[in-house]
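Thanks for sharing this one. Here are some notes to read alongside the model, one point at a time.

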Amino acid sequence: MAQTEKPTALIMIFGATGDLANRKLFPSLYNLFEKGKLDKFAVVGVARRSLSNEEFQLRVKESVKENGETEADIEEFVSKFYYHSHDVTDSSSYLALGKLAEELDSHYGLNGNRIFYLAMAPEFFGTIAEHLKKDKLTDVAGFKRLVIEKPFGHDLESAKVLNKQIRKAFSEDEIYRIDHYLGKEMVQNIEVIRFANAMFEPLWNNRYISNIQVTSSETLGVEERGRYYEKSGALRDMVQNHMLQMVSLLAMEPPIKLTTDEIRSEKVRVFRALRPVKGEEVNEYFVRGQYDKGSMNETDVPAYRQEEMVNPESNTETFVAGRLMIDNFRWAGVPFYIRTGKRMKAKSTKIVIQFKDIPMDLYYQPEKTVNPNLLVIHIQPEEGITLHLNAKKSGQGTDATPVKLNYANKGIDGLNTPEAYEKLLFDSLRGDATNFTHWDEVALSWSFVDNISAVWENTKEPSFPNYASGSMGPDAADKLLEKDGFFWWPITEIDVEKC
Ligand code: NAD
């Protein structure tokens with residue numbers, strides 16, 4: 001957990017000229033600085049191209065400005081940024097970086113604390129970690145921490161190789177594996193909603209909950225990431241990490257304390273209870289989709305197979321829906337449905353907890369739909385909670401009518417994501433690893449996902465492309481729930497804004 005509230009450290013960002021650094025990391029650091037949350041610090045931007053410190057500082061300033069208002073202190077902020085042109089495979093480059101780090105450490109009084117943030121293509125993660133140790137950048141008087149972006153491996157085997165490489169230089173508690181969903185306000189709120197409310201926790205089990213639905217839909221297509229996405233697909237890009245992480249927070253037992261170790265160990269127990277889906281079961285429990293051309297906001301958009309760097313006969317899925325079963329006392333028999341995809345009707349991440357119907361419906365009327373109680377957690381773009389209840393229709397009679405109780409957090413899209421990075425950066429500086437993924441979670445989620453990819457990679461899906469851009473995915477995703485007597489709650493109709 002937190003070691004100090006106002007951290008001091010040298011932050012080295014590998015990949016400092018990249019998209020992530022520019023769009024998320026610099027603005028997040030500025031916000032922390034502006035809010036007075038940082039004590040003494042300096043930043044070294046590390047990347048391939050050659051830049052002077054001044055040129056780099058200008059880039060940082062521009063990136064911060066693009067993300068919002070800046071104050072007069074922006075000059076002081078960027079004056080703490082230095083640049084090192086780097087070759088990731090060359091020891092002499094690390095030695096020069098080490099020398100710069102020592103100078104900055106003594107100049108700014110940083111107590112030998114170092115954060116190494118790897119915002120680079122994952123193929124470099126292992127090499128960099130090995131060099132950091134070999135070339136003595138990890139020989140520090142203070143703390144040393146490695147913050148590492150996704151994807152953590154491509155499957156269990158490659159994740160193990162990567163983990164072995166980074167463990168040579170960092171212990172498990174010095175490794176901060178980013179899953180930026182864990183930095184989102186409402187994802188962090190799942191635990192509070194569950195464990196701080198007497199009205200939910202007693203009902204949070206298979207006696208009262210009929211099913212849980214987690215949707216994370218995007219309207220964007222693959223954009224310029226075709227080369228990466230062809231090898232990844234939605235299963236690896238979204239399910240292995242973000243979707244399973246949300247499921248683990250929804251399903252975990254209450255931790256005995258709110259410490260990093262206790263919370264992570266309860267999450268790990270969920271992954272251990274997750275029923276493996278193998279061989280022929282894969283197509284019974286999971287549905288894959290690939291977007292076809294279609295219309296988004298009255299603009300024609302191409303099919304996935306027509307995107308840049310994508311094979312015209314690609315078998316890669318851009319959509320996944322699945323039925324997860326957690327075989328423990330609390331959840332036996334309750335399906336957790338997950339669904340994620342690109343080029344869908346709306347951009348939305350939502351969790352719907354559907355409660356079981358009451359034993360006898362006194363207000364039953366033929367031709368009227370049943371209105372089960374729902375708890376909807378809106379993760380993004382809007383943030384909030386909606387509770388769907390039934391109450392008496394005003395006027396004569398005793399008819400029941402659905403009502404919604406809303407709590408809207410703030411719901412300004414665009415402010416959310418930098419904030420997630422802001423929180424995660426601050427946590428890594430403070431030494432709080434709760435909202436980062438432990439190796440055990442990564443390994444268990446890969447072994448779950450690997451069983452599915454093993455089947456999908458070896459069988460071409462003849463129906464691809466099987467959903468139109470701008471839709472909610474293939475029909476088979478609806479049938480997955482229909483088989484169990486359920487349906488996806490339409491994400492637009494349960495919007496917090498519309499209530
Ligand atoms: P990018 O391609 O925009 O940037 C890559 C950076 O790495 C550049 O600064 C480049 O100079 C540097 N680099 C590349 N090869 C190098 C070499 N041989 N030596 C030294 N430096 C080298 O990538 P990005 O979009 O910023 O993504 C970085 C990481 O963050 C990836 O792991 C990605 O999956 C992850 N990520 C990115 C986003 C995002 O929004 N961009 C979101 C989540 C995760």
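1. Where is the place of Asn409? Asn409 sits in the loop between β16 (400-408) and α11 (416-430). Please keep in mind as you look that this is a predicted model. Asn409 counts as partly exposed because its relative accessible area is 26%, and the range for that class runs from 20% to 50%. Leaving aside neighbours within four places in sequence, its contacts are Glu185, Met186, Glu383 and Gly384. Ile385 is 24 residues away from Asn409 in sequence, and the two C-alpha atoms are 8.2 Å apart.

2. Met186 leads on to helix α7 (residues 185-195), where it is one of the buried residues. The others are Val187, Asn189, Ile190, Glu191, Ile193 and Arg194. So the buried list of α7 holds Asn189, Glu191 and Arg194 alongside Val187 and Ile190. As for what covers these buried residues, the elements include the helices α8 (226-251) and α9 (260-273). Strands β13 (348-355), β14 (374-380) and β15 (384-392) are also among the cover.

3. Now for the ligand. It is surrounded by 20 residues, and the closest are Thr17, Asp19, Leu20, Arg23 and Met120. By type, the shell divides into eleven nonpolar, four polar and five charged residues. Helix α1 (residues 19-34) gives the largest share of the shell, with three residues.

4. Which atoms of Thr17 come 2.6 Å from an oxygen atom of the ligand? The answer is an N or O atom in the Thr17 side chain. Two other residues use the backbone: a backbone N or O atom of Met120 is 2.8 Å from a ligand oxygen atom, and one of Gly15 is 3.3 Å from a ligand oxygen atom. Taken alone, the ligand exposes 840 Å², and the protein buries 75% of that.

5. His86 is worth a visit too. His86 is found in the loop between β3 (81-85) and α4 (91-108), and it counts as buried because its relative accessibility is 6%. Its side chain makes polar contacts with the side chains of Ser93, at 2.8 Å, and His84, at 3.4 Å. Beyond four places in sequence, His86 is in contact with Phe14, Val46, Ala47, Arg48, Ser93, Tyr94 and Leu97. For a sense of scale, the C-alpha atoms of His86 and Ser295 are 44 Å apart, with their positions 209 residues apart in sequence.

6. How many aromatic pairs does the structure hold? There are 24. One of them is Tyr291 with Tyr304, an edge-to-face pair with 5.7 Å between centres and 75° between the planes. This pair links distant parts of the chain, with Tyr291 in strand β9 (residues 291-296) and Tyr304 in the loop between β10 (299-301) and β11 (319-325), 13 residues apart. Tyr291 has a relative accessible area of 0%, so it is buried, and Tyr304 is buried at 0% as well.

7. Ring pairs also build a cluster, which links Phe26, Tyr30, Phe33, Phe41, Phe56, Phe77, Phe81 and Tyr83.

8. Back in helix α11, have a look at Ser428. Ser428 counts as buried because its relative accessibility is 1%. Not counting residues up to four places away in sequence, Ser428 touches Ile115, Arg145, Val147, Tyr176 and Phe436.

9. Finally, some backbone details to check by eye. Most residues other than glycine have a negative phi, and most peptide bonds are trans. Here, a cis peptide bond with omega about 0° joins Lys150 and Pro151, and Pro151 is in the loop between β5 (144-148) and α6 (156-167). The bond from Gln380 to Pro381 is cis too, with omega near 0°; Pro381 belongs to the loop between β14 and β15.

10. Two glutamates have a positive phi: Glu223, near 50°, and Glu298, near 65°. Are they buried or exposed? Glu223, in the loop between β7 (209-217) and α8, is partly exposed at 36% relative accessibility. Glu298, in the loop between β9 and β10, counts as exposed at 80%.

Terms used. Residues are numbered from 1 along each chain as its sequence is written. This is a predicted model: local features need pLDDT of at least 70, side-chain atom pairs count only at pLDDT 80 or more; totals for chains, interfaces and linings use all residues. Side-chain values use heavy atoms; hydrogens and water are left out. A residue is near a molecule or strand if one of its heavy atoms lies within 4 Å of it. A polar contact is a pair of N or O atoms within 3.5 Å; within protein, one must be able to donate a hydrogen and the other to accept it, and residues adjacent in sequence count only if both atoms are side-chain atoms. Accessible areas come from the Shrake-Rupley method with a 1.4 Å probe; for residues, only the protein chains shown count as cover. Helices (H or I, at least four residues) and strands (E, at least two) are DSSP runs, numbered from the N terminus. Ala, Val, Leu, Ile, Met, Phe, Trp, Tyr, Cys and Pro count as nonpolar, Asp, Glu, Lys and Arg as charged, and the others, Gly among them, as polar. Buried means under 20% relative accessible area, exposed over 50%, partly exposed in between (1.4 Å probe, protein chains only). Contact means heavy atoms within 4.5 Å. Rings of Phe, Tyr and Trp (its six-membered ring) pair if their centres lie within 6.5 Å; planes under 30 degrees apart count as stacked, over 60 as edge-to-face and the rest as tilted.
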